[in-house]
Amino acid sequence: MHHQSSHSAAFPDHVEVAIVGGGIIGISTAYALARAGVRTAVFEKATLGCEQSSRNWGWVRTLGRDLPEVPLAIRSNQIWGEIQEQIDVGFRRTGMLYLQDNDADASSHQAWIDNARAYGTDARLLDSVAAKRLLPQTARVWTGAMYSATDGVAEPQLATTAIAALARAAGAQILEDCAVRGVEQSAGRVSALLTEKGRVETATVLIAAGAWSRLFCGNLGADFPQLKVRGSVLRTTPVDTGSTAAINGKDFTCRKRADGGYTVSQFGASMADVVPDSFRLMRYFMRSWLANRSFVRLRFGKRFFEELSLPRRYPTDRQSPFERHRVLDPRPSIRGNAQAWKKLTDAFPAFHHARIAQSWAGYIDVTPDAMPVMDAVPNVPGLFLASGFSGHGFGIGPAAGEAMAQLIQGKRTTVDLKPFRYDRYHR
C-alpha cells in the first residue's frame with residue numbers, strides 16, 4: 001500500500017478517467033478503477049458523500065428490489081463484506097424483515113421470492129411466530145414477514161469517506177471543493193474535463209453526480225430524465241429493543257445504527273417538489289407518479305422558482321450553478337418524520353425509551369422506472385453516466401462502481417447492465 005497523500009492533493013494535468021461526483025457511486029468506481037491500475041481522479045464540488053450518500057437509511061438489501069437490480073445487490077453484499085475487512089464502514093449482516101399484515105402482502109412477497117430465487121437470493125417467508133422472534137416486543141399482529149438473513153446495513157456517515165481512503169491507497173486522486181463546469185470535446189469525443197480549478201486532459205468522463213446529473217448532462221445536450229425527491233429521516237438516542245434486524249413495517253422503517261440508536265423513516269415521507277422539470281418530464285414520469293401515489297407526494301413551493309432561475313445552459317469559463325450552490329440540504333418534513341415516529345412507537349413500545357436525536361433530509365435522484373442509468377452516453381464518445389439510483393444507490397454502490405469500472409475499461413461486466421441502458425427512455 002503506497003502512501004500517496006503527499007502528491008494526491010496536487011491538481012492533475014491529465015488522467016485516464018475523470019469522475020464527476022464524490023458520492024458512493026463515483027468513489028466506488030474510482031476504487032475499482034484504481035485497483036485495476038487505471039489512472040483516475042474524482043472531482044467533488046463540496047465534500048465527499050455530503051448529499052444523499054451520507055443521508056440515506058444505510059440499508060444493504062436484496063429484498064424487494066427490482067429484479068434487474070438483484071444481481072447487483074447480491075454482488076454488492078459480497079463487496080461490502082470485503083471492504084469491511086479492510087476498513088470500518090459499519091457493514092453488518094443484521095438480517096432484514098419486510099413485515100406482512102395480510103394474505104395479499106404474503107402473496108406479493110412470495111411472488112417476489114419466486115422470481116428472485118433464480119439469482120440466488122436467500123429470501124424466504126416467515127410465519128408470524130418466526131417473525132415475532134426477530135422483532136422488538138409488539139402488540140401489533142403481523143401475519144409474517146419476508147426475510148433475508150444475509151441482508152444488512154452499513155453506516156452512510158462512514159462509508160464513502162472510508163472507501164475513498166481505500167481508493168487513494170490504490171492510487172486514485174480525489175479532489176474536494178473542486179466543481180466541474182463541463183466537458184471539452186474535440187474531434188467528436190471527450191478530450192478534457194473543465195473544473196473551477198483548471199482543465200484536466202482525459203478521454204473518459206463518468207458523471208456520477210446524483211441529483212445534479214440531469215443539469216450537468218443537459219449542458220452537454222444529453223436529455224437525462226431525472227427528478228429530485230426529498231426523503232426525510234431521523235435517528236434516535238441509543239436504545240435496546242431486543243432486536244437488531246432492519247425492519248420494513250410497511251408504513252415505517254427502522255434499523256439499528258453503530259452508535260446504538262436507530263435510523264427511522266417511512267416510505268410515504270418522500271416529497272417531490274413541483275419544479276419546471278416536472279412539466280418538461282411529465283410524459284416520462286406520469287405513469288409512475290400515478291402508480292406510486294402512496295409513496296411520493298407532490299408539493300408546490302419556493303423550490304419551483306429557485307429551479308426556474310437556474311440556467312439550463314451555462315458557459316464553462318465562469319462560475320457554474322455547481323459552485324453557486326454546492327450542497328443540496330433540504331429541510332426534513334416535520335410531518336413525515338412525526339408520522340414515522342408515531343407508527344414506530346405504536347408498533348414497538350420499546351422505542352418510547354428513546355428520544356429523537358436528529359432529523360434530516362436529502363434529495364434522491366429518481367428516474368421514471370426507479371432504476372439507474374449505467375451506460376455510455378450516446379453521441380458523446382468517452383462520456384459515461386451512472387445516476388438515477390432512485391434511493392437504492394447506497395446498498396448497491398460498491399457493485400455499481402465495479403460494473404462501471406468494467407464498462408469503462410471495455411471489459412465484460414460481471415452483472416448484466418442491459419436493463420440500465422441510457423436509451424430505454426428515448427425509444
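Here are some short exercises on the structure above, each with a worked solution.

The model is predicted, with local features needing pLDDT of at least 70 and side-chain atom pairs counting only at pLDDT 80 or more, while totals for chains, interfaces and linings use all residues. Residues are numbered from 1 along each chain as its sequence is written, and side-chain values use heavy atoms, with hydrogens and water left out.

**Exercise 1. Classify two ring pairs**

Work out how the rings of Trp-59 and Tyr-98 are arranged, then do the same for Phe-216 and Phe-322.

Solution.

- Step 1: Get the rule. Rings of Phe, Tyr and Trp (its six-membered ring) pair if their centres lie within 6.5 Å; planes under 30 degrees apart count as stacked, over 60 as edge-to-face and the rest as tilted. The structure holds ten such aromatic pairs.
- Step 2: Apply it to Trp-59 and Tyr-98. Their ring centres are 6.5 Å apart and their planes meet at 70°, so this pair is edge-to-face.
- Step 3: Ask where the partners sit. Trp-59 belongs to strand β3 (residues 59-60) and Tyr-98 to strand β4 (residues 96-100), so to speak 39 residues apart and in distant parts of the chain. Helices (H or I, at least four residues) and strands (E, at least two) are DSSP runs, numbered from the N terminus.
- Step 4: Check burial. Trp-59 and Tyr-98 are both buried; buried means under 20% relative accessible area, exposed over 50%, partly exposed in between (1.4 Å probe, protein chains only).
- Step 5: Now take Phe-216 and Phe-322. With 5.8 Å centre to centre and 50° between the planes, this pair is tilted. Phe-216 is in helix α8 (residues 213-219) and Phe-322 in helix α12 (residues 321-324), so the pair ties together parts 106 residues apart in sequence. Both Phe-216 and Phe-322 are buried.
- Step 6: Look for a wider group. Ring pairs join Trp-212, Phe-216, Tyr-314 and Phe-322 into a cluster.

**Exercise 2. Describe the largest cavity**

How much space lies in the largest cavity, and which elements give two or more residues to its lining?

Solution.

- Step 1: Define the term. On a 1 Å grid over the protein atoms alone, a cavity is a set of points where a 1.4 Å probe fits but cannot get out, and lining residues have an atom within 4 Å of a point. Grid points are joined across faces, edges and corners, and a volume is the space filled by probe spheres set on the points.
- Step 2: Count and size. There is one cavity of 30 Å³ or more, and the largest cavity holds about 510 Å³ of space.
- Step 3: Look at the lining. It has 37 residues, with Gly-23, Ser-53, Ala-208, Ala-209 and Gly-210 nearest the centre.
- Step 4: Name the elements. Those giving two or more residues are α2 (24-35), α3 (52-55), β19 (356-366), β21 (383-387) and α14 (393-408). Of these, α2 gives the most, with three residues.
- Step 5: Sort by class. The lining has 18 nonpolar, 15 polar and four charged residues. Here Ala, Val, Leu, Ile, Met, Phe, Trp, Tyr, Cys and Pro count as nonpolar, Asp, Glu, Lys and Arg as charged, and the others, Gly among them, as polar.

**Exercise 3. Check a helix and its surroundings**

What span should the 17 residues of helix α4 have, and what do its buried residues pack against?

Solution.

- Step 1: Use the rule that the expected span is 1.5 Å times one less than the number of residues. For α4 (residues 70-86) that is 24 Å, and its end C-alpha atoms are 25 Å apart, which agrees.
- Step 2: Find the buried residues; among them are Val-70, Leu-72, Trp-80 and Ile-83.
- Step 3: See what they pack against: α2, β3, α5 (103-116), α7 (156-169), β20 (373-376) and α14.
- Step 4: Zoom in on Val-70, which has a relative accessible area of 0%. Leaving out residues up to four places away in sequence, Val-70 touches Arg-65, Trp-112, Tyr-119 and Thr-121, where contact means heavy atoms within 4.5 Å.

**Exercise 4. Compare two positive phi values**

Are Lys-250 and Ser-390 buried or partly exposed?

Solution.

- Step 1: Lys-250, in the loop between β14 (246-248) and β15 (253-256), has phi near 75°. At 33% relative accessibility, Lys-250 counts as partly exposed.
- Step 2: Ser-390, in the loop between β21 and α14, has phi of about 55°. At 11% relative accessibility, Ser-390 counts as buried.

Notes: 1 Å grid on protein atoms, 1.4 Å probe; cavity = no way out; pocket = protein on both sides within 12 Å on 5 of 7 lines; lining within 4 Å.
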